[in-house]
Amino acid sequence: MNRLADPAARIIIALDVESRGPALDLVRELPEAEIFKVGLELFTAEGPALLEDIRALGKQVFLDLKLHDIPNTVAGAARLGVRHGARMMTIHASGGAEMMSGAAEAARAESARLGAAKPLLLGVTILTSLKNDDLAAIGMMPDAGAQVLRLAVLAAGAGMDGVVCAAQEIEIVRKKIGPGFLIVTPGIRPAWAAAQDQKRIMTPAEAVGRGSDYLVVGRPVTRASSPREAFRKIVEEMSA
Ligand code: C5P
């Protein structure tokens with residue numbers, strides 16, 4: 001079966017908790033989930049040892065550090081991500097083509113050296129927390145869609161395997177770049193879940209229908225009274 005034909009394999013669970021205990025509890029509570037996202041908060045708290053713990057439970061790690069620095073530094077971090085067995089990693093596309101291509105080359109070389117699969121490198125386009133006014137304030141085009149497209153094209157040209165963007169931008173990115181380029185979307189809210197602080201949200205079924213490859217889901221599952229049941233409901237919704 002194509003890896004993306006299985007809805008459960010397309011859901012990335014965001015482990016936005018402060019420490020190892022609750023993070024690993026969630027991993028154990030969700031046997032049907034395959035990919036778990038470790039972001040800045042949890043990584044700062046626990047470091048790479050936690051990545052090994054998650055992998056020891058038979059799961060894949062999405063290391064979401066949203067790297068953005070000079071090319072040499074980002075390449076070094078990408079190399080270490082490979083060494084720690086990350087399946088997916090994020091790099092800010094606004095760091096530029098040289099930074100992204102350097103990271104892609106470092107990840108490729110390190111994976112070859114270790115005989116491991118190269119992690120999927122994803123370019124972060126525009127954070128869903130930024131509105132057009134915020135973009136103007138930092139000197140970007142005050143048009144999130146246009147800016148996402150511009151950065152996605154840059155990421156594809158620099159050897160990224162895909163991008164992270166809001167579900168609203170899936171279609172423009174897909175149309176411009178074509179199939180085979182991964183589109184990963186956060187801000188996913190099933191109809192039965194609260195929006196919380198996410199502004200531009202979409203249901204799992206809609207995001208899949210528009211062509212998202214992977215959905216990042218945090219609180220609708222992790223804060224549910226039964227995370228496993230919430231996960232199952234999302235899978236059902238995606239399959240319908
Ligand atoms: O709890 P919730 O489903 O909103 O979690 C979404 C996850 O996706 C969080 O880990 C958040 O950091 C991440 N994310 C996001 N918007 C982006 C990029 C990442 O919400 N543009």
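The legends below describe close-up views of a predicted model, beginning with the ligand and its surroundings and moving on to individual residues.

**View 1. The ligand in its pocket.** In this predicted model, the ligand sits in the largest pocket. The elements that contribute two or more residues to the shell around the ligand are β8, spanning 214-217, and α10, spanning 219-222. Sorted by class, this shell is made up of six nonpolar, three polar and five charged residues. Of the 14 residues around the ligand, those that come nearest are D16, R189, Q198, G218 and R219.

**View 2. Polar side-chain atoms facing the ligand.** Two oxygen distances and one nitrogen distance can be followed in this view. A polar atom in the side chain of R189 lies 2.7 Å from an oxygen atom of the ligand, while an N or O atom in the side chain of K37 is 2.8 Å from a ligand oxygen. For T128, the ligand partner is a nitrogen atom, which is 2.8 Å from an N or O atom of the T128 side chain. On its own the ligand has 460 Å² of accessible area, and the protein covers 85% of that area.

**View 3. K37 between the ligand and D64.** K37 belongs to strand β2, which comprises residues 35-39, and its side chain has an N or O atom 2.8 Å from an oxygen atom of the ligand. The side chain of K37 is also joined to that of D64 by a polar contact of 2.7 Å. Because its relative accessibility is 10%, and buried means under 20%, K37 counts as buried.

**View 4. Two residues with positive phi that are not glycines.** K66, in strand β3 (residues 60-67), has a positive phi of about 45° although it is not a glycine. With a relative accessibility of 30%, K66 falls between the limits of 20% and 50% and therefore counts as partly exposed. Q196, likewise not a glycine, has a positive phi of about 50°, and this residue lies in the loop that runs between β7 (182-185) and α9 (204-210). The relative accessible area of Q196 is 41%, so this residue is partly exposed.

**View 5. A109 and its separation from R150.** A109 is found in helix α5, which covers residues 97-114. Its relative accessible area is 35%, which means that A109 is partly exposed. Along the chain, A109 and R150 are 41 residues apart, and their C-alpha atoms are separated by 27 Å in the model.

Conventions. Residues numbered from 1 in each chain as written. Predicted model: local features only at pLDDT ≥ 70, side-chain atom pairs only at ≥ 80, totals over all residues. Heavy atoms only, no water. Near = heavy atom within 4 Å. Polar contact = N/O pair within 3.5 Å; in protein donor to acceptor, adjacent residues only side chain to side chain. Areas by Shrake-Rupley, 256 points an atom, 1.4 Å probe, with all protein chains shown as cover. 1 Å grid on protein atoms, 1.4 Å probe; cavity = no way out; pocket = protein on both sides within 12 Å on 5 of 7 lines; lining within 4 Å. Sits in = over half its atoms within 2 Å of the grid points. Helix = DSSP H or I, 4+ residues; strand = E, 2+ residues; numbered from the N terminus. Nonpolar A, V, L, I, M, F, W, Y, C, P; charged D, E, K, R; others polar. Buried < 20%, exposed > 50% of the residue type's maximum accessible area, 1.4 Å probe, protein only.
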